[in-house]
Amino acid sequence: MTSQIAKRIMGILMLALTILLTSCSGVTPSLHVLEKPKNVDMIVKMNHGDFWNTVKMGAEVAAKEYNVNLTFKAPPNENDIDEQIRLVDESIHNNADAIILSASDYMKLAQVTDRAAYYKIPVISMDSEVASARIKTFVGTNNYEAGQKAAERLIKLTGTESRIGVMNFVKGAKNADEREEGFMDYVARYPGVEVVDIEYCESDEQLARKLTRKMMTEHPDLNGIVALNEVASIGTAEEIQELGYGEKVKIITFDSPAKVMELLQEGIVQGTVIQNPFNNGYLAVQLAVQVMEGIEVPDRVDTYSKLIDLDNMLWPENQKLLFPFVK
Amino acid sequence: MKIHRKRKIIQLPRIRMSFKLRSIQTIITFSFTLMTILVVVAVSFMLYNKFTKTAEENAYLNIQQIIEQVNYHLELYVKGMQDIYEVVEEQINNTPDISSPVLREQLTTLLHTREDLVSVGLFTPKGKLVLDIPNLEMRRNTLLKEQSWFESALDQPQKLSFSAPHIQNLYKGQYKWVVSLSRVIKYKDQGVTKEGILLVDVNFRTIDELSRKVSLGKRGYAYIIDDLGNIVYHPQQQLIYAGLKYENLEPVFEYAYGSYTDKSTGETRYITIRTVEPINWKIVGVAYPDEIITTQKDLNQFVFWFLLVVCAAVVVLAVFVSMKISQPLRRLEKSVQSVGQGDFSTPIQVSGAYEVVQLSKRFNFMLHRIRQLMEQIIHEQEAKRKSELDVLQSQINPHFLYNTLNSVIRLAEKGKKEEIVATITSLSKFFRISLSKGKNIITLEEELEHVRHYLIIQKIRFKNKFSYVIECEEDALACMTLKLILQPIVENAIYHGIEKMSDEGFIRIYAFVQEERLVIKISDDGLGMTRQVMDQLLVGGIRSGGSGVGVKNVNERIRLYYGKNYGLSFESELEEGTTVTITLPVEKNEAERQERGIS
C-alpha cells in the first residue's frame with residue numbers, strides 16, 4: 001500500500017519536473033519565419049540592369065525577413081539560354097532547398113525544371129513562365145494585362161486610325177509572348193489601327209536601334225511604336241530621337257531605366273509600363289518559404305503593372321518604383 | 001486466459017519494486033534526488049526568470065540606444081546642412097550682383113567641399129531659374145512649381161523647409177534622390193533687391209545608408225517618416241506602396257519619444273521612436289523581441305542541459321551515497337543470514353559507518369556468547385549423560401550387591417535368621433527405590449528411606465560398628481530431590497570416617513528447610529579429613545570404595561540440575577568428624593518442577 005502511494009507521488013513529481021523542464025525551452029516560431037536558414041537559389045535572365053537589380057533587392061529583403069540564404073545567379077546575357085540551364089543544373093547539384101527561376105525561354109528551360117522537381121527541389125517561377133507542370137507557383141507581372149495597358153495608351157495617343165510598330169525582345173520568352181499577345185488583342189479591337197511590323201531585338205540595344213531604323217525606313221508613316229522591354233525601349237526611343245522622329249512617332253515603352261525616364265521628360269517617350277520587380281523578387285522568396293514550409297500557395301500570384309507618364313512620374317509612390325536605387 | 005497470464009507477468013516486477021522501494025538505498029536515493037532536484041529546479045527557475053528579465057531589459061535598452069544614436073547622427077547631419085544653407089544664403093546676400101562670376105566661383109568651391117551637396121539653385125517665385133550651380137542644362141517638363149519644396153517655401157517664406165526625399169529632375173544627368181532645403185530669400189540683381197527661392201539639394205544617400213545600416217537583430221529595421229506621415233525611408237517601401245506590407249503609423253504619430261509594443265501585424269514588435277529635432281522627422285525602430293532576446297533561447301537551452309546534467313549527477317551521487325550507507329547494512333544482513341543458517345563460527349567483518357561497525361561488534365560479541373553457551377550446553381549435556389550413566393550403574397552396583405550377599409551368607413552360616421531377613425528386606429527396598437521406575441527425582445522421604453535401608457544393611461554388615469539417626473522436619477519430607485544423593489555420602493562416611501575407627505561411630509542425617517532451601521546435613525564422628533582431602537573429594541580424585549557413585553558425581557548432578565547455587569559443602573576436623581551439607585531448592589512435587597521448566 002505505502003509503496004503504491006510512494007510510487008504515485010514519485011510519478012506526479014516526475015511529471016511536474018518534466019513540465020518544468022520543457023516549459024523552459026521551446027518557443028513556437030511564427031508561421032513563416034524559418035527556424036533554420038534554408039538555401040534558395042534565384043536564377044534570373046541577366047546579371048545586370050536596374051530591373052534585375054531591383055528584383056534582387058526585393059528578394060534580399062524577403063531573405064532577411066524569412067531567414068533564407070539567397071544565392072543570386074544569372075547569365076551575362078538574356079539570350080544565353082544554355083548558360084541559364086547550366087546554372088539551374090548547378091543549383092540542383094548543390095542541393096538547393098528551393099529554386100526561383102525566371103526562364104529566358106519558355107520551352108528550353110522546361111526539361112531542367114522537371115529535373116529539379118525530380119530531385120524534390122521546389123521550383124518557383126518568377127517574372128516569366130516555363131513550360132513545366134512541376135512548378136509550384138508563378139509570381140510575376142500579368143504580362144498580358146501589361147501589353148493591353150501599353151496598347152490602350154498608344155492608341156489614345158495615335159488615334160484609332162494609325163499604323164503601329166512593335167519592338168519585342170526574345171521570341172519564345174513567355175513574358176515577351178504574353179505582352180505581345182495582350183497588345184495585339186487590344187489593338188484588334190480597333191479595325192483602323194494596323195500593326196505594320198513586329199521585330200525581336202534579342203534584348204540587344206544595338207540590334208534594337210538597327211531594327212528601329214529599318215522599321216522607320218520601311219514605314220516612314222509610322223504613328224507609334226511599342227517597345228516591350230527595358231533594352232528594347234532604350235534602343236528604340238534613342239534611335240527615334242536620333243532619327244528626328246521625336247514626338248511625331250509616339251512611343252510607349254516598358255520598364256524605367258534612367259534613359260527612358262530622361263526621354264520621357266524630353267517628350268520623346270509618351271509613357272512607360274512599369275512592373276514591380278521589387279515585389280516580384282520579394283514575393284518569389286516569400287512563396288518559396290511557404291512552399292518549403294508546406295503551406296499551400298496559389299498557382300499564380302500577379303504583381304500589377306502601371307503606366308507612367310509625365311503627370312504621375314513624380315508621385316511619391318511612383319518615384320520609388322521608377323528609381324529603386326538611391327544614387 | 002491470455003489476459004490473465006499477462007496480468008501476472010505485469011504484477012511480478014511490481015512486487016519486486018515494492019520490495020525495493022522499502023529498502024534504505026531506494027529511500028535515500030529517491031529522497032536525496034528529489035530534494036536536490038527540487039531545490040535546483042526552484043533556484044534555476046528563479047535565476048532563469050531574473051536573467052531573462054534582465055536580458056529583455058538590456059535588449060530593449062540596446063535598441064533604444066541604437067535608435068538614439070541614429071537620431072543623433074541625423075540631427076548632426078541635418079544641422080550641418082542647415083549651416084551650409086545659411087552660408088550659401090549669406091554669400092548670396094553679400095553679393096551686389098547675382099550674376100557675378102565671383103559668387104558663382106565661391107559657391108562652386110563650396111559645392112565641391114561637400115560631396116553630398118548635389119546642387120544649388122535660385123528661382124524666381126514664378127519658377128524661372130536665376131542661378132544654378134553646377135551650371136547644367138535644365139530638363140524640360142520639370143513641373144518645378146508643383147514640387148513640394150517650391151510650394152512649401154512659398155507657403156512659409158520665413159522657415160527653412162526640408163522636403164521629403166524625392167527624385168531631382170531639374171538638371172540633365174543623373175536622376176538623384178535628394179532632400180531639398182528651400183526658403184524665400186532676398187538677392188540683388190544689378191543693385192535691385194528681389195525675392196527668390198533658394199534651393200539646396202542634398203543627396204539622400206547619406207541618410208539612406210545611415211538608416212539602412214541600422215541593425216536590430218536579423219529581421220528588425222528602422223524607418224523614417226516626416227511630419228506629415230510620408231515615408232522618408234523604409235527598407236520595404238515598395239511593399240508598403242503595393243499594399244503587401246502594413247506599418248501601423250497611428251501610434252507613431254502620438255509619440256515624439258518613447259517605446260511601445262505593437263501587435264497590429266499579428267507579430268509582437270518592439271517599436272522605438274525618436275524625433276529628429278530640426279525637421280520633425282521620426283525615426284522608428286522595429287525589433288522582434290523573440291529574435292532580439294536570443295539570450296532567452298540560449299538560456300533555455302543552457303538551463304535545460306544544466307538541469308539534465310545536474311539531475312543525472314544527483315541521481316548518480318544519490319545512488320552512490322545510498323549504496324555507501326546501505327552496503328555495510330546489507331553485508332551485515334548477509335552475515336546475519338549465514339548465522340541464521342547455522343554458521344556461528346565466522347565473525348562478521350564489516351567496515352563502514354560508525355553505527356554499523358558498532359552494530360557488527362555487538363553482533364560479534366553476541367555471536368561469541370551464543371557460541372560459548374552452546375559449547376557449555378554441549379558440555380553439560382555430556383556430563384549429565386555421563387553422570388546419569390553412573391547413577392544407572394550404581395542402581396545395580398554389583399560390588400555392593402556382592403558385599404551384601406556375602407554378609408548375608410555369613411549371617412546364614414551363623415544362623416542369624418532375623419538379621420538375614422532384615423538385610424534382604426532392606427536390600428530389596430534399597431534396590432526398589434534405586435530403580436524407582438526410572439525416575440530421577442523422588443521425594444526426600446523416599447530418598448531418606450533409601451539411605452535408611454542402606455544404613456540397615458551396612459550396620460548389619462559392619463556388625464553394629466556404628467549407630468545412626470535420621471531426622472527430618474515435617475515440611476521437608478515432601479520436598480523433591482535427586483535420587484541417590486545421600487547414599488554416596490553416607491557410604492563415604494562409613495568407609496572413610498567410621499570403618500577405621502576403634503570406637504563405635506555415629507551417623508546423623510538431618511533434613512530441614514531453611515530460607516527456601518532444603519538442607520540435608522550428614523554428620524559422622526569419624527576420623528575427619530584434611531583440607532586437601534576435602535578439596536580432592538569434589539574434584540574427583542578420591543573415589544569411595546563401595547557403590548561407585550562418587551561424592552563428586554553427587555555434587556555435579558545437583559549443580560547440573562539445580563544450578564551452581566546448590567550442591568555440597570564439607571566441614572571436617574581430624575579426629576572429630578565430618579559434616580556434609582547438601583543444599584537443594586525447595587520443590588514440593590513433580591508438577592512444580594515442570595512449571596519451572598527444568599526437565
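Here is a short back-and-forth on why features of this predicted two-chain model get the labels they do.

Me: What are the ground rules for the numbering and for the predicted model?
Reply: Residues count from 1 along each chain as its sequence is written, and chains are lettered from A and ligands numbered from 1 in the order in which they are written. Because the model is predicted, local features need pLDDT of at least 70 and side-chain atom pairs count only at pLDDT 80 or more, while totals for chains, interfaces and linings use all residues; side-chain values use heavy atoms, with hydrogens and water left out.

Me: What makes a residue part of the contact of chain B and chain A, and how many does each chain give?
Reply: The test is heavy atoms within 4.5 Å. Chain B brings 48 residues and chain A brings 47.

Me: What does "buried" mean for the area between chain B and chain A?
Reply: It's the accessible area (1.4 Å probe) that two parts lose on being put together, summed over both. Here that comes to about 4,500 Å², with carbon and sulfur atoms giving 63%. On the chain B side, Y175(B), W177(B) and Q238(B) supply 17% of what chain B buries against chain A, more than any other three residues.

Me: Why is the pair R140(B) and E247(A) called a salt bridge?
Reply: The rule wants a side-chain nitrogen of Lys or Arg within 4 Å of a carboxyl oxygen of Asp or Glu. R140(B) and E247(A) sit at 3.6 Å, N to O, so the pair passes. Across this interface the rule finds three salt bridges, and over all chains the structure holds 33.

Me: What about K245(B) and E65(A), and why does that pair join two chains?
Reply: Their N to O distance is 2.7 Å, so that's a salt bridge by the cut-off too. K245(B) lies in the loop between α6 and α7 (250-254) of chain B and E65(A) in helix α2 (residues 50-66) of chain A, so the pair joins two chains. As background, side chains of opposite charge can pair when their charged atoms come close.

Me: What counts as a polar contact, and how many residue pairs across the interface of chain B and chain A have one?
Reply: You need a pair of N or O atoms within 3.5 Å; within protein, one must be able to donate a hydrogen and the other to accept it, and residues adjacent in sequence count only if both atoms are side-chain atoms. The rule finds 16 residue pairs, both at pLDDT 80 or more. α2(B) gives the most to the side of chain B that touches chain A, with six residues.

Me: How do you know that β7(B) and β8(B) pair?
Reply: Pairing takes at least two bridges found by DSSP. Two bridges join β7 (residues 221-225) of chain B to β8(B), running antiparallel, so the pair qualifies. Within it, I224(B) stands opposite Y233(B). Both strands belong to an open, antiparallel sheet of five, ordered β8-β7-β11-β10-β9 in chain B.

Me: What makes β8(B) and β9(B) edge strands?
Reply: Each pairs on one side only. Strands here are DSSP runs (E, at least two residues) and helices are runs of H or I, at least four, numbered from the N terminus.

Me: What does the angle of α2(B) to β10(B) refer to?
Reply: Axes are lines fitted to C-alpha atoms, for helices over the stretch in contact, and angles run from 0 to 180 degrees between N-to-C directions. α2(B) runs at about 25° to β10(B) and lies across β7, β9, β10 and β11 of chain B. α5(B) packs on the sheet as well, its direction making about 80° with that of β8(B).

Me: How do you know that β4(A) and β5(A) pair?
Reply: Three bridges join β4 (residues 123-126) to β5 (residues 137-141) of chain A, so the threshold is met. They run parallel, in an open sheet of six strands ordered β2-β1-β3-β4-β5-β11 in chain A.
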